[in-house]
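Got a few minutes to look at a protein chain together? Open up the sequence and the 3D view, and let's walk through what's inside.

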Amino acid sequence: LLASLNLRDNKMGFEGYTAITQSLGQHPHLKDFWLEKFCLEGHSNAVTCVVWSPDGTKIASASGDNSVKIWNALTGELILTLEGHSNDVWSVDWSPDGTKLASASGDETVKIWNALTGELILTLEGHSDYVNSVVWSPEGSKLVSTSYKEIFIWDAATGAKSMQLDGHSNSVKSAVWSPDGTKLASASNDTTVKIWNALTGELILTLKGHSDTVYSVSWSPDGTKLASASADKTAIVWDSISGEQVATLKGHTDWLRGVAWMQKGDSETDVGSNMLVTVSDDNTLIVWDGATGQQLKQLRGHDGGVNAVAWKGDQIVSGADDKSVIVWDAATGQQASKLEGHADAVYSVAVEGSRIVSASKT
């Protein structure tokens, strides 16, 4: 999964949102993105989100030009342009079987599309503000979308709103499903993380410990822990059952933009089972032991704030303000490769097998 895409917030004079879902507000225009040797050009405004199809053969991109595009990941060819939104599209996500796409827009709607034909299947209405993220549930029967203080769960087959999760007192930055799909975790400007029962809509826990905006949350692979990254320069690892703080991760000297656990299957050894990584405006990444809170490695090499991160096996991929993408060896902290070619800051990276797709302002 894509752990954390985080765009620079008011500190730089514009807003940013997470998109796994990450799902965006006002931010610099991301007009192209790089996939190996291909530069996929076609959007006329900001590329806000890029995601691989489950089988790795296609890429979907969302844009401030009100459209979603589907690309052939092997050739770089544009396959389909999905038009129907009347405002910026901030988030896009594939259904687990790869046959559908869901998109979230500033027009206050979520749309479900046939990813093979481009046909609009359903328009989900009910939000009272722009929708900044949409994510399919692991089994594909539901969607979760966020908009300011609102979190909605939808029936993906009928488009009916199943539940509305009320409780945050300020903007919701992201909402992510637990690995088994029975819970949701949400991060907010109100400095809290909340855990919800995704089957009933009941609020299970409110996790308090941060002193500033929480930008990103990530579940451990077994679902027993949750990590949150905040503008207070810390990350916190929580016990997702009791709500107790397992560890407070201190080491960064500026805002944290994202956090991501290494997922099951990413590593051939046990070393990765509790590893997580955080990224920050201080130009660094830090690899942590999520069980103990111990700092394992601090990764230095970017010359600007780090905006995006994803795991690639035992490696970590990061994109930053210095226009580069760096692939790191998580165990040694050494750079495996530095990918250059963008003309401006990189705000999104996504990984599929050995391939990387990245998005930039220009």
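Here's a quick briefing, starting with the overall build and then zooming in on some residues.

Keep in mind that this is a predicted model. The chain goes all in on strands: there are 33 of them and zero helices. Of its 362 residues, 61% count as buried.

**The big picture**

- If you take contacts between residues at least 6 apart in sequence, 44% of them join residues at least 24 apart.
- The chain exposes about 13000 Å², and carbon and sulfur atoms supply 45% of that area.

**The nonpolar cores**

- Which residues touch the most other members of the largest nonpolar core? Among its 16 residues, they are Val277, Leu285, Val309, Trp311 and Ile316.
- The elements giving two or more residues to this core are β25 (275-280), β26 (284-289), β28 (306-312), β29 (315-320) and β30 (324-329).
- There's another core apart from this one, with 14 residues, including Val51, Ile70, Val92 and Trp113.
- Try clicking on Val277: leaving out residues up to four places away in sequence, its contacts include Leu285, Val309, Trp311 and Ile316. Val277 also touches Gly258, Val259 and Ala260, plus Ile286 and Val287.

**Trp261, tucked away**

- Trp261 sits in strand β24, which covers residues 256-261.
- Is Trp261 buried or exposed? Its relative accessible area is just 1%, so Trp261 counts as buried.
- The side chain of Trp261 reaches the backbone oxygen of Ser218, at 3.0 Å.
- In sequence, Trp261 and Val287 are 26 residues apart, while their C-alpha atoms are 9.7 Å apart in space.

**Salt bridges**

- Side chains of opposite charge can pair when their charged atoms come close.
- How many salt bridges does the structure hold? The count is three.
- One of them joins the side chains of Asp281 and Arg257, at 3.0 Å from N to O. This pair links distant parts of the chain, 24 residues apart: Asp281 is in the loop between β25 and β26, and Arg257 is in strand β24. Both Asp281 and Arg257 are buried.
- Lys142 and Glu139 meet through their side chains too, at 3.9 Å from N to O. Glu139 has 47% relative accessibility, so it counts as partly exposed.
- Arg355 forms a salt bridge with Glu352, and their closest N and O atoms are 2.5 Å apart. Arg355 counts as buried because its relative accessibility is 13%. Glu352 comes in at 24%, so it counts as partly exposed.

**Lys183, a charge without a partner**

- Lys183 lies in strand β17, which runs over residues 183-188.
- What about a salt bridge for Lys183? Lys183 has none, even though it is buried. The nearest side chain of opposite charge is Asp180, 6.9 Å away. A salt bridge needs the nitrogen and the carboxyl oxygen to be within 4 Å.
- So who are the neighbors of Lys183? Not counting residues up to four places away in sequence, Lys183 touches Val176, Trp177, Ser178, Ile195, Trp196, Ala198, Ile204, Trp219, Ser240 and Ile241.

Notes:
Residues are numbered from 1 along each chain as its sequence is written. This is a predicted model: local features need pLDDT of at least 70, side-chain atom pairs count only at pLDDT 80 or more; totals for chains, interfaces and linings use all residues. Side-chain values use heavy atoms; hydrogens and water are left out. Helices (H or I, at least four residues) and strands (E, at least two) are DSSP runs, numbered from the N terminus. Buried means under 20% relative accessible area, exposed over 50%, partly exposed in between (1.4 Å probe, protein chains only). Contact means heavy atoms within 4.5 Å. Accessible areas come from the Shrake-Rupley method with a 1.4 Å probe; for residues, only the protein chains shown count as cover. Lys and Arg count as positive and Asp and Glu as negative; His and the chain ends are not counted. A nonpolar core is a set of buried Ala, Val, Leu, Ile, Met, Phe, Trp, Tyr and Cys residues joined through side-chain atoms within 4.5 Å. A polar contact is a pair of N or O atoms within 3.5 Å; within protein, one must be able to donate a hydrogen and the other to accept it, and residues adjacent in sequence count only if both atoms are side-chain atoms.
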